[in-house]
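Student: Could you take me through the sheet in this model, together with what packs against it? I would like the cut-offs along the way.

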Amino acid sequence: MNIQIFGKSKCFDTKKAERWFKERRIRFQSVDILRFGLSGREFDSVLRAVGGIDHLIDWDSRDPEITLLKYMDDARAKEDKVFDNPALMKTPIVRNGKQATVGYQPEVWSAWE
């Protein structure tokens, strides 16, 4: 397994995900999404794995950009805005090869073992 956890340093779900993998002694790479973001290929891979941009956006965020995204119809424009501003993504984003999850989902991760 090649686990990558993309998250925000102050996100509780990211910390819970890291703890979940540590408790099971599963090695992972932790990436600060606000500092480093996702590469273009990683972003496209995550979008395909989670089922589209609407599953990747943190709709509960208080960022004013979220209000704008709610009224956008063009998926490509949404993808560009989210790619340029990783703070709009729901975290943690956990990748295992071509598989990925958004949010805290230990029931999916246990199936990866």
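Tutor: Happily; we begin with the model itself and then work through the sheet, its helices and the cores.

This is a predicted model, in which local features need pLDDT of at least 70, side-chain atom pairs count only at pLDDT 80 or more, and totals for chains, interfaces and linings use all residues. Residues are numbered from 1 along each chain as its sequence is written, and side-chain values use heavy atoms, with hydrogens and water left out. The chain has an average pLDDT (the predictor's confidence in each residue, from 0 to 100) of 92, and 100% of the residues score at least 70. Among the elements (DSSP runs numbered from the N terminus: helices are H or I of at least four residues, strands are E of at least two), the highest mean pLDDT, 96, belongs to helix 1 (residues 12–23), and the lowest, 89, to helix 5 (residues 64–70).

Now the sheet. It is open, with four strands in the order 2-1-3-4 and mixed pairing; two strands pair if DSSP finds at least two bridges between them. Strand 2 and strand 4 each have a single partner strand, so one side of each is left without a neighbour in the sheet. On average, neighbouring strands are turned by 15 degrees against each other, direction ignored. Such angles run from 0 to 180 degrees between N-to-C directions, with axes fitted to C-alpha atoms, for helices over the stretch in contact.

Strand 1 (residues 3–7) has five of its five residues buried, where buried means under 20% relative accessible area, exposed over 50% and partly exposed in between (1.4 Å probe, protein chains only). Ile3, Ile5 and Gly7 point one way, while Gln4 and Phe6 point the other way. Five bridges join strand 1 to the parallel strand 2 (residues 28–32), with Gln4 opposite Gln29. Towards strand 3 (residues 93–96) the pairing is antiparallel, with four bridges; there, Asn96 is the bridge partner of Ile3.

Next come the helices. Helix 1 touches strand 1, strand 2 and strand 3, and its direction makes about 160 degrees with that of strand 1; contact means heavy atoms within 4.5 Å. Helix 3 lies across strand 1, strand 3 and strand 4, at about 80 degrees to strand 4. Its buried residues are Glu42, Phe43, Ser45, Val46, Leu47 and Val50, and their cover includes strand 1, helix 4, helix 6 (75–84), strand 3 and strand 4. After helix 3 comes Gly51, whose phi is positive, near 100 degrees.

Finally, the cores. A nonpolar core is a set of buried Ala, Val, Leu, Ile, Met, Phe, Trp, Tyr and Cys residues joined through side-chain atoms within 4.5 Å. The largest has 20 residues, and Phe43, Leu56, Val82, Met89 and Ile93 have the most contacts inside it. Helix 3 gives the most to this core, with four residues. Setting aside neighbours within four places in sequence, Val82 is in contact with Phe43, Ile53, Ile57, Leu69, Leu88 and Met89. Another core, of nine residues, lies apart and has Ile5, Ala17, Ile26 and Trp109 among them.
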